[in-house]
Amino acid sequence: MKPAPNLPQQPAGGSARGRGAAGPGRRGRVPKRRPPLAIVLIAVAVSLLGLLPLGYVVVTAALTGWTELSGLVFRPRVGELLVNTIGLVVVTVPICAVVGVLAAWLVERTTIPGARVFAVLLAAPLAVPAFVNSYGWVSAIPSLNGLWSGVLIASLSYFPLVYLPCAAALRRLDFTVEEAAASLGTGPWRVFFRVVLPQLRLPLLGGSLLVGLHLLAEYGAFAMIRFDTFTTAIVDQYRSTFNGPAATALAGVLVLCCLFLLVGESAGRGRARYARIGSGVARAARRRPLGALTPLGWAFLAGVFVLSIGVPFWSVLRWIVAGGAAAWADGVVVSALAQTVLYGAIGAAVTCGLAFPIAFLAIRFPSRMARALESINYVTSSLPGIVTALALVTVSIRLVQPLYQTAVLVIVAYLLMFLPRALVNLRAGLAQVPPGLEEAARSLGRPPAAAFLGVTARFIAPSALAGAALVFLGIVNELTATLLLAPNGTRTLAIQFWSQVNDINYAGAAPYALLMIALSLPVTYLLFAKSRLVSAP
Amino acid sequence: MSAIELDGVSKSFLQIAVLREIELSVPEGSRTVVVGSSGSGKTTLLRLISGFDFPDAGTITVSGRRVAGVGAAVPAHQRGIGVVAQDGALFPHLTVGENIAFGLGIRKSGGRASAVRKLLNMVSLDADFAPRRPDELSGGQQQRVALARALARRPKVMLLDEPFSALDAGLRAATREVVADTLAREGVTTVLVTHDQAEALSFADQLAVLREGRLTQVGSPRELYARPVDLFTARFLGDAVVLDATVEGELARCALGAVPIVPTPIRGDASIMFRPEQLAVGPAEADGCAGRVEAVEFYGSEVLLTIRLEGAGDATAADGVIRVRQRGTSNAVVGSRVGVTAIGPAIAYPREPVSAP
């Protein structure tokens, strides 16, 4: 795959074009094409909105003043949270990395029985929200608490974030390179460590970053086992003192942790390009027989599956049976389902609609500004939902009071949190549409807008749908920001689940858990299928 | 002693036979080329020799050591055979120098830089290529680095899998020359597979033609070009002029008159084959064979003449038309009448079933 040649407005260097054709009167400057104004305005507005959470943290910190701020930050409680949070990240991320890479390798590169089935099954934990997983484990082992329980649950919830990209990369790696290493006298194990693993660096780093960001952002899963991280502490603080400077100070430290991870990941990437060098279709990799290690490998895959999917499923089903028909009877379940689907659908539509101008500018009018607009949104979405929610609460109360406690604010939060899911897909879709097609339609007499709708829009429809589905998945499983922002009386699946759990009514929570998983499974499968495509972004 | 010996080697994938009963002996220090069209099984043959795959039947012996066959299954990394793949297969995460040093087993300090420099030099690349990344190199440079990397372990045997086919014409000849010289200088036994007959003829000491999984003919390039075992091989290795003929002893009667043929057991109806350069076009003579020029394709250094022969019995038959290659200085024009004479003997084959025009 070659990177798309997105060079912005190359001056016609050296070619015969500029000089001869342009007479002495004209300076040979090609008039610049300009993007439609409306598109630019929307893209800028959305990106400015995206600056809100970060801006909120910075401005509040500045307004609070150093003395008060340092008093709030440098205290034993923050140190405790920092130790917990860093410990969680430092232990969980490597576990996810090892489990994810090992699972990917077993599934893609060995003749282990059932490899194809496991390939799908191991993506399934993504359909179980971490707080539902936590609920499943607490149901099974009520004594769970503290760091190691958090590590266990988080690892089982988040290892697919490493597994999926690594498996996809393993499928795409040029196998002849591994054969070349073998012909140079390198045994299978050393080929793995010297040739395969280094080429997995980018998916491994990217997946690990996602795991880290999820760990920083997760509230429900850790609150359930009474393990305090920055995010759970911010929610508690918010509950007790509403939106005091203490919560903001904690949010500031949390944001710093996020930025640290982001910078660390991009430094780890380096400037290396691991694209396949050769041309043509890569030879399919040969699967390796595991021999005597087969039972061990199989036990590993089966174990990961049972622990990550089996345990939460078994707990949910047990509670469903225990709760019987009564848990479903009062009609709240149905209305929660309807509300969730409605929020998900509106959120997905709004997010895709507003992501489009940014993707369009990035592909069709690449410039430094377009890149900046894009990256603002990536940074914002990697901030924990709690920070975005706090920012929206504060701004709405101070500046746009009527929006406070409305569904609009919730949708805005979803937009900020999940925009990149739509953006990445739209961008890839747009990049694959040959501009020549649209130009052909215009040369056949269609005005630009009609040409766009008739040709390009049809091409990007599948990727837009894929993006919308991922946003939908995010919204269905979102708990933290929804808890803070939703108008009183809102009953989404996640909120209902959480309030039942808080009332220690585990049987009452089970139907909501089951429905969240059921809504998420198809989208998770879509995610899996997409990662298998060679042309996936 | 042969460097490589294949004895009755067969291989199938999903019940489809890809190689059948291959017998091949590669003399030490020789350059053997296996030529075949795509899908003929040539890459599979190389993969069996290199140890990336194992044969279903037969044995493979490398430098006297049985590496595949009954009781032997030596994996690729223990065979000590150098391989250069179609696109070089350089490690994308390593620099050129690190790629070359990959198989050396020397740490950074211990003379690695000088070894790398020597190897780069060997393939006519400058030493300052070492810190560059593979994707910053042209295709020909990548191939040369791949060769240097494979040479680093001083293999006795080198396998080249269409290593020049991804390069454009000019680069291909130059890279081939560097590779051939380097391997000859190092005395490495080489097996090259290719679908390009010109490349095969020019590179080989020994040429083997692979067709649908069988070796149809093995010998020197001159021998195979001049005396192909069948018409398929004849056409595969170069242009061929094929005429219907009747064999009478050492002569064959055809549209060109009675022409000498290579001794053959065939009698009566036959097809005979000339290489285009065996036919000379001149002024029409009274007692010679003549024809009318129907088309002239000019290629600069040579012209390709399409001539309808007068001697042909049926004026519409395809076999009355021949295509003859002449020097570019030929001034034949469409419609002119020319004489055609054969130089050297033709080769007779059993009469081909009626071929499409």
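**Ser50(B) and its surroundings**

I started at Ser50(B) and listed what it touches beyond four places away in sequence: Ala76(B), Arg79(B), Ile81(B), Val83(B) and Leu159(B). A reminder to myself that this is a predicted model. Ser50(B) sits in helix α1 of chain B, which covers residues 42-50. Is Ser50(B) buried or exposed? I get 4% relative accessibility for Ser50(B), so I put it down as buried.

**Same helix, across to chain A**

I stayed on helix α1 of chain B and went to Arg47(B), which forms a salt bridge with Glu179(A), with 2.8 Å between the closest N and O atoms. This pair crosses between chains, running from helix α1 of chain B to helix α10 of chain A. I then looked up how covered the two partners are. Arg47(B) has a relative accessible area of 8%, under the 20% cut-off, so I count it as buried. Glu179(A) comes out at 6%, so it goes down as buried too. My note on the general point: side chains of opposite charge can pair when their charged atoms come close.

How many salt bridges are there between chain A and chain B? The count is one, and the pair Glu179(A) with Arg47(B) is a salt bridge between these chains. For polar contacts across the interface of chain A and chain B, I have five residue pairs, both residues at pLDDT 80 or more. On the side of chain A that touches chain B, the elements giving two or more residues are α10 (175-183) and α11 (188-199) of chain A. The largest share of that side, seven residues, comes from α10(A). I sorted the side of chain A that touches chain B by class and got 11 nonpolar, eight polar and seven charged residues.

For the interface as a whole, I noted 26 residues of chain A in contact with 22 residues of chain B. About 2,400 Å² is buried between chain A and chain B, with carbon and sulfur atoms giving 60% of it.

**Chain A by itself**

Next I pulled the overall numbers for chain A. I find 26 helices and zero strands there. Of its 537 residues, 52% count as buried. I also looked at contacts in chain A with a separation of 6 or more: residues 24 or more positions apart account for 84% of them.

**The two domains of chain A**

The domain assignment splits out domain 1 (52-272) and domain 2 (324-537) of chain A. The contact takes 44 residues from domain 1 of chain A and 44 residues from domain 2 of chain A. I get 21 Å between the C-alpha centres of these two domains.

Domain 1 and domain 2 of chain A bury about 3,700 Å² between them, and 78% of that is on carbon and sulfur atoms. Which residues of domain 1 of chain A lose the most area to domain 2 of chain A? They are Pro53(A), Phe131(A) and Tyr135(A), together 17% of what that side buries.

I looked for charge pairs between domain 1 and domain 2 of chain A and the count is zero salt bridges. Polar contacts between the two domains come to two residue pairs, both residues at pLDDT 80 or more. Several helices each supply at least two residues to the side of domain 1 of chain A that touches domain 2 of chain A, among them α3 (52-64), α7 (130-140) and α15 (245-269) of chain A. The largest share of that side, seven residues, is from α15(A). By class, the side of domain 1 of chain A that touches domain 2 of chain A has 36 nonpolar, four polar and four charged residues.

**Other salt bridges**

I have 21 salt bridges over all chains, and I looked up a few more in chain B. Glu186(B) pairs with Arg154(B), with 3.9 Å between the closest N and O atoms. Glu186(B) is in helix α5 of chain B and Arg154(B) in the loop between α4 and β8 of chain B, so the pair ties together parts 32 residues apart in sequence. Glu186(B) is partly exposed at 28%, while Arg154(B) counts as exposed at 62%.

Glu297(B) and Arg323(B) also meet in a salt bridge, 3.4 Å from N to O. This pair links strand β17 to strand β19 of chain B, 26 residues apart. Both are partly exposed, Glu297(B) at 26% and Arg323(B) at 39%. Last entry: salt bridges that share partners join Asp239(B), Glu277(B), Glu302(B) and Arg325(B) into one network.

Definitions and conventions. Residues are numbered from 1 along each chain as its sequence is written. Chains are lettered from A and ligands numbered from 1 in the order in which they are written. This is a predicted model: local features need pLDDT of at least 70, side-chain atom pairs count only at pLDDT 80 or more; totals for chains, interfaces and linings use all residues. Side-chain values use heavy atoms; hydrogens and water are left out. Domain bounds come from an automatic or database domain assignment. Contact means heavy atoms within 4.5 Å. Buried area is the accessible area (1.4 Å probe) that two parts lose on being put together, summed over both. A salt bridge is a side-chain nitrogen of Lys or Arg within 4 Å of a carboxyl oxygen of Asp or Glu. A polar contact is a pair of N or O atoms within 3.5 Å; within protein, one must be able to donate a hydrogen and the other to accept it, and residues adjacent in sequence count only if both atoms are side-chain atoms. Helices (H or I, at least four residues) and strands (E, at least two) are DSSP runs, numbered from the N terminus. Ala, Val, Leu, Ile, Met, Phe, Trp, Tyr, Cys and Pro count as nonpolar, Asp, Glu, Lys and Arg as charged, and the others, Gly among them, as polar. Buried means under 20% relative accessible area, exposed over 50%, partly exposed in between (1.4 Å probe, protein chains only).
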